[in-house]
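Trainee: I'm new to this one. Can you walk me through it?
Mentor: Sure, here it is.

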Amino acid sequence: MYINYIRRKAIFRLAQKINGVKALDEIPGNVNTLLITAKHELAETQIYPFYYYRSYLKEHHVRHCELPLSVLMQQLADNNATQVVNRNIQRIFFQHGFMMPDEELARLLSAVAELFPKAKITFMDWFAPLHIRYANCVAPYVDTYIKKQVYRDFTQFSEPTIGDTNLNDYYARRFNIDDAPMQYSPPSDFKDKVRLGSNFSLSPQMIDYFLGDAPTQEKRDIDLHARIAVNGVAWYKAMRQEAKDAVNRLQGINIAAEGRVRRHKFFAEMRRSKLCFSPFGYGEVCWRDYEAFATGALLLKPDMDHLTVTPEVFAPGQTYVPLRWDLADFEEKVDYYLKHEDERRAICKQAFELNKSFLMSDEIPRQITAIVNL
């Protein structure tokens, strides 16, 4: 499977090179969709669907090319973004830079809107946290805003927090950590612009694990997989240390928890694991969640009921096991699902099949096509 990943990644890189342009005036006249892309592993997961579903998109008259955000910024800085040759661009999918200031982002979007006056713009928010921090500065320029997870209750986006995320707020309060108050309140009509995009299953790193048969539940000699990195900002470090301490208190079971291992060994461990504990990261949704789904390890994770993703892979007791955020029920849940093998297997199978059926469907390319033709 690791070889498949290397091969798929190489093919993706080659396709990006073939479909990439190095200047605005190099955009081919036969494309109607422009991707302006950031260089980051999380950002890349939003771009891969354009390549994986390329045949479907071509059949439905979506033809794209890709321009790195860094190239656009350099051309603008050099005053070299002159009249654009291609007037056939209908839709621009725009990704932001990491921690880009609002003023700079608004300036870039304003320039793009001026360069492509007939095109509509979709903003692709690839940040891990649940907030939509850029809503106000992008609102004048975009008609759609794609994110991989959103609150079920949209009003929660406007709630004030200690620190800049809901997780920051909860763990700062829990561990008495000082942080600056923040509030990102999107415009009143912004809910209509928000779209749920795909998640980590639809990425070069993960997709091949879901395209084959469901993983066997035999020969699982590791009871719990829980490799947890702790370093980070204060609230994150406190959250992850609490998770690590909860694992360390467990007695009498076989746990894979200490240190880092290489990718191929990590997945080999996961395929031998009955349970996988995935605490939050800087956002709720983590690679580890999908790694558990893909390898047949039962996912134990702090309760995700406050958010929604596509597909709905966080269904309590059906695709994963929710935990209290303070982990007070962690030991109890570990003990229960180690003893109830039939329930564990059924949940793992359902999680895998839900992800697989989603990837084999046309839900995401239909969404892309619909946005291009809005």
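Mentor: We'll go through cavities, pockets, the core and one helix.

Trainee: What kind of model is this?
Mentor: It is a predicted model, where local features need pLDDT of at least 70, side-chain atom pairs count only at pLDDT 80 or more, and totals for chains, interfaces and linings use all residues. Residues are numbered from 1 along each chain as its sequence is written, and side-chain values use heavy atoms, with hydrogens and water left out.

Trainee: OK, holes. How do you tell a cavity from a pocket?
Mentor: Both are sets of points on a 1 Å grid over the protein atoms alone: in a cavity a 1.4 Å probe fits but cannot get out, while a pocket is an open set with protein on both sides within 12 Å along at least five of seven lines. Lining residues have an atom within 4 Å of a point. Grid points are joined across faces, edges and corners, and a volume is the space filled by probe spheres set on the points.

Trainee: How many cavities of 30 Å³ or more are there?
Mentor: Five. The largest has a volume of about 120 Å³. It is lined by 14 residues, and closest to its centre are Gln46, Met124, Ile146, Gly197 and Ser198.

Trainee: Which element gives the largest share of that lining?
Mentor: α14, with four residues. The elements giving two or more are α2 (41-52), β5 (144-147) and α14 (363-372). Helices (H or I, at least four residues) and strands (E, at least two) are DSSP runs, numbered from the N terminus.

Trainee: And the second largest cavity, what lines it?
Mentor: Its lining includes Gln46 and Ser198, along with Leu42, Trp126 and Lys148. The space is about 70 Å³. By class, three lining residues are nonpolar, four polar and two charged. Here Ala, Val, Leu, Ile, Met, Phe, Trp, Tyr, Cys and Pro count as nonpolar, Asp, Glu, Lys and Arg as charged, and the others, Gly among them, as polar.

Trainee: Switching to pockets. What volume does the largest one have?
Mentor: About 1,400 Å³. It has 44 lining residues, with Tyr236, Arg240, Gly281, Cys286 and Trp287 nearest its centre. α9 supplies the largest share, four residues. The lining has 23 nonpolar, nine polar and twelve charged residues.

Trainee: And the next pocket down, which helix gives most to its lining?
Mentor: α1, with three residues. That second largest pocket holds about 440 Å³. Gln16, Thr37, Lys39, Glu66 and Pro68 are the closest to its centre, out of 15 lining residues. Six of the lining residues are charged, five nonpolar and four polar.

Trainee: Now the core. Which residues touch the most other members?
Mentor: Phe94, Phe116, Val138 and Phe314, in the largest nonpolar core of 103 residues. A core is a set of buried Ala, Val, Leu, Ile, Met, Phe, Trp, Tyr and Cys residues joined through side-chain atoms within 4.5 Å. Buried means under 20% relative accessible area, exposed over 50%, partly exposed in between (1.4 Å probe, protein chains only).

Trainee: What does Val138 contact, beyond its neighbours within four places in sequence?
Mentor: Leu105, Leu109, Phe123, Tyr145 and Phe190. Contact means heavy atoms within 4.5 Å.

Trainee: Which residues of α5 are buried?
Mentor: Leu105, Ala106, Leu108, Leu109, Ala111, Val112 and Leu115. An α-helix has 3.6 residues a turn, so residues three or four places apart point the same way.

Trainee: What covers them?
Mentor: The cover over the buried residues of α5 includes β1 (33-37), α4 (69-77), β3 (91-95), β4 (120-124) and α6 (135-138).
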